[in-house]
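Hi everyone, thanks for coming. I'd like to walk you through one structure today, so please have a look at it on the screen before we start.

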Amino acid sequence: AGPPVWHKNYPVAQGNRQSPIDIIPHQTSHDPGLGPITLNYDQCTSINITNNGHSVVVEFEDPDDRSVILGGPLDNPYRLKQFHFHWGGKGCHGSEHTVSGNSYASELHLVHWNAVKYKTFGEAATAPDGLAVLGIFLELLFPLQGSVTDFKAFNPKCLLPSSLHYWTYLGSLTTPPLHESVIWIVLKEPIIVSEKQLGKFRMLLFTGEEEDERIRMENNFRPPQPLKGRKVRSSN
Ligand SMILES: NS(=O)(=O)c1ccc(B(O)O)cc1
Ligand SMILES: [Zn+2]
């Protein structure tokens with residue numbers, strides 16, 4: 001079942017660096033020492049796109065540093081492993097992070113791991129500086145009834161907003177196992193998508209074809225978690 005019962009199997013759900021959070025811009029601390037982030041995705045080689053039962057995930061080959069994020073709060077380059085989305089139900093909001101209590105229609109997560117310090121993604125996923133997830137808000141435009149269109153795998157490079165200004169804080173995975181291993185980098189500027197594109201997500205199902213009742217995949221987002229004294233830093 002959903003977020004309210006996760007703590008029974010994953011006590012870390014009530015830990016001190018859980019994600020997502022509500023970001024309150026005027027309460028973030030501007031850190032002039034925070035440099036820009038750089039995304040080297042030019043040779044991004046996606047392998048597949050999967051409905052893993054709670055999101056749609058595009059996985060990448062990660063045998064070397066061909067697709068990395070570096071700079072900003074990161075001490076090493078972090079290797080792109082997969083990206084996936086969180087979204088809401090009919091028209092309602094579905095982002096995980098919120099900004100002054102406001103949520104967006106959806107949120108894209110580009111998941112990277114620290115291959116300098118750790119041998120595998122699995123090992124990095126349990127280390128406090130193991131993962132770096134880039135969060136990008138998707139804002140809905142023309143929330144009209146969309147028609148069915150085919151869904152092209154996103155190339156992350158073409159999905160980025162014009163500005164790479166960001167907020168950053170130490171957090172966790174937002175789905176079980178909820179490891180507190182993520183350096184979050186959330187871009188301030190959303191990208192704009194159409195209801196058509198977002199509507200495609202809702203065609204995805206939580207259920208497999210072997211199950212008889214078809215449960216629509218929606219509202220696969222965890223609500224904001226307590227800040228517990230953490231600082232959220234802002235790039236310029
Ligand atoms: N939603 S998230 O980006 O925090 C995330 C990323 C990876 C995994 B995982 O590899 O289990 C779970 C959640
Ligand atoms: Zn996610």
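**The zinc site and its surroundings**

Let's begin with the metal: the site of the zinc ion (ligand 2) is tetrahedral, with angles of 99 to 117 degrees among its four donor atoms. Before I go further, please keep in mind that this is a predicted model.

Which protein atoms hold the zinc ion (ligand 2)? They are NE2 of H84, NE2 of H86 and ND1 of H109, lying 2.0 Å from the ion. If you want to find these donor residues in the sequence, look for the spacing H-x1-H-x22-H. And are H84 and H86 buried or exposed? Both H84 and H86 are buried.

H84 also takes us to the pockets. The largest pocket has a volume of about 390 Å³. Its lining is made up of 23 residues, and those nearest the centre are Q82, H84, V111, L173 and T175. So H84, a zinc donor, turns up again in this group. Two or more lining residues come from each of β5 (56-60), β7 (78-87), β9 and β10. Which element gives the largest share? That is β7, with four residues. For those of you thinking about chemistry, the lining of this largest pocket has ten nonpolar, ten polar and three charged residues.

Now to the second largest pocket, which has a volume of about 300 Å³. Here 15 residues form the lining, and A1, G2, P3, W6 and H54 are the closest to the centre. By class, the lining of the second largest pocket divides into six nonpolar, seven polar and two charged residues.

Next, a pair of strands. Strand β10, residues 131-141, runs parallel to β13, and four bridges join the two. Across this pairing, E139 stands opposite I192 in β13. Where do the side chains of β13 point? They alternate along residues 191-194: I191 and V193 point to one face and are buried, whereas I192 and S194 point to the other face and are not buried.

Let me turn to the backbone, starting with the cis peptide bonds. One of them joins S19 and P20, with omega at about 0 degrees. P20 sits in the loop between α1 (6-9) and β1 (22-23). Another cis peptide bond joins P176 and P177, and here omega is about 15 degrees. P177 belongs to the loop between β11 (166-171) and β12 (182-187).

There are also positive phi values to point out. S100 is not a glycine, yet its phi is positive, near 50 degrees. You'll find S100 in the loop between β8 (98-99) and β9 (106-113). How accessible is S100? Its relative accessibility is 40%, so S100 counts as partly exposed.

K228 is another non-glycine residue with a positive phi, about 55 degrees. K228 lies in the loop between α3 (195-203) and β14 (233-234). Because its relative accessibility is 44%, K228 counts as partly exposed.

To finish, let me go back to where we started. The protein donors of the zinc ion (ligand 2) are H84, H86 and H109, and H84 is also among the residues nearest the centre of the largest pocket. Thanks for listening, and I'm happy to go back to any part of this.

How values were computed:
Residues numbered from 1 in each chain as written. Chains lettered and ligands numbered in written order. Predicted model: local features only at pLDDT ≥ 70, side-chain atom pairs only at ≥ 80, totals over all residues. Heavy atoms only, no water. Donors = N, O, S within 2.8 Å, 3.2 Å for Na, K, Ca; no water. Tetrahedral: all angles 85-135°; square planar, octahedral: opposite > 155°, others 65-115°. Buried < 20%, exposed > 50% of the residue type's maximum accessible area, 1.4 Å probe, protein only. Pairing = 2+ DSSP bridges. 1 Å grid on protein atoms, 1.4 Å probe; cavity = no way out; pocket = protein on both sides within 12 Å on 5 of 7 lines; lining within 4 Å. Points joined across faces, edges and corners; volume = space filled by probe spheres on them. Nonpolar A, V, L, I, M, F, W, Y, C, P; charged D, E, K, R; others polar.
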